[in-house]
Amino acid sequence: MHPPVIAVDGTAASGKGTLARRLAQHFGFAHLDSGVLYRLTALGVLDAGGDPTSEIDALAAARAIDHTRAQELRLRSDAVGAAASKVAAIASVRDTLLNYQRQFIAHPPGGAAGAVVDGRDIGTVICPEADAKLFVDADPKVRAHRRWLELAGLGIQRSEDDVREELVSRDAADRARAVAPLRQADDAALLDTTDLGIDAAFATALVLVEPRLAAKLEAKPRG
Ligand code: CDP
């Protein structure tokens, strides 16, 4: 039995990363943003002058991920996001990144008591046995506005329309791919954050997650 796990899947810029971070802080769990793994893979391909749709290029990059680049601003660019969605559609790339995610869940870093992992396939493929699962979504216009604000805060200037187009087309590709498509797990609770600020979204998430985690946390050996 692995430590408690909360799976937070959802559409692009739905607020799942912020929620996952807040949940991790609340429960004292480690947080993994699995999207960063795909973005780092994409960055590796682009920096090597490769093609993100080529299995050879993408697999080489997935095997050589440089985690020290996780904070790079370029990781957040549209170009890297779009390339991430392309490498993410390749089964062997997903297999390579799966081990890292399962290790994180089995042994949360820093001796944390559990893990919160956000992404697209955490509750469906990476950890179907997760103790609590959320599927986060919001109206595309609202998501585009939030992402636009986030990018502006990082000094990246984009039109809101462009941002929305990018999110919508990436979601469509993520939903349509053959391997580990973006979808709500049958046992995931849907959290629509369209009309919720971050505090309200977090409060709602806690109400959904706490009862599902309770049994596991109570069963935790003491001492
Ligand atoms: O932050 P945002 O929601 O825009 O994207 P992200 O979570 O950083 O993910 C970037 C891309 O990586 C997604 O569009 C997916 O194609 C891919 N991804 C995935 O396939 N599986 C995951 N568990 C996480 C991300």
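Reader: Which residues lie nearest the centre of the largest pocket, and how many residues line it?

Author: In this predicted model, the largest pocket is lined by 48 residues, and those nearest its centre are Gly17, Asp33, Arg76, Arg147 and Glu150. About 1100 Å³ of space lies in this pocket, and α2 gives the largest share of its lining, with six residues.

Reader: What makes the lining of the largest pocket nonpolar, polar or charged, class by class?

Author: The lining divides into 18 nonpolar, 14 polar and 16 charged residues. Among the residues nearest the centre are Asp33, Arg76, Arg147 and Glu150, and these count as charged because Asp, Glu, Lys and Arg are placed in that class.

Reader: How do you know which space the ligand takes?

Author: The ligand occupies the largest pocket, and a molecule is said to sit in a pocket if more than half of its atoms lie within 2 Å of the pocket's grid points.

Reader: What makes the atom pairs of Ala13, Lys16 and Ser34 with the ligand polar contacts?

Author: A polar contact needs a pair of N or O atoms within 3.5 Å. For Lys16, a polar side-chain atom lies 2.6 Å from an oxygen atom of the ligand, and for Ser34 a polar side-chain atom lies 2.9 Å from a nitrogen atom of the ligand. In Ala13 the partner is instead a backbone N or O atom, at 3.2 Å from a ligand oxygen atom. Each of these pairs is therefore a polar contact, given the cut-off of 3.5 Å. As for cover, the protein takes 97% of the 530 Å² of accessible area that the ligand has on its own.

Reader: Which residues come nearest the ligand, and which element gives the largest share of the shell?

Author: There are 18 residues around the ligand, and Lys16, Arg39, Arg94, Arg170 and Asp174 come nearest. The largest share of the shell, four residues, comes from α2, while the classes are five nonpolar, four polar and nine charged.

Reader: Why is a space called a cavity here and not a pocket, and how many cavities of 30 Å³ or more does the structure hold?

Author: A space is called a cavity because a 1.4 Å probe fits there but cannot get out, whereas a pocket is an open set. The structure holds one cavity of 30 Å³ or more, and about 60 Å³ of space lies in the largest cavity. The elements that give two or more residues to its lining are α4, α7 (140–153) and α8, with α8 giving the largest share, three residues. Among the lining residues are Arg39, Arg76, Arg147, Glu166 and Arg170, and by class the lining has two nonpolar, two polar and six charged residues.

Methods:
Residues numbered from 1 in each chain as written. Predicted model: local features only at pLDDT ≥ 70, side-chain atom pairs only at ≥ 80, totals over all residues. Heavy atoms only, no water. Near = heavy atom within 4 Å. Polar contact = N/O pair within 3.5 Å; in protein donor to acceptor, adjacent residues only side chain to side chain. Areas by Shrake-Rupley, 256 points an atom, 1.4 Å probe, with all protein chains shown as cover. 1 Å grid on protein atoms, 1.4 Å probe; cavity = no way out; pocket = protein on both sides within 12 Å on 5 of 7 lines; lining within 4 Å. Points joined across faces, edges and corners; volume = space filled by probe spheres on them.
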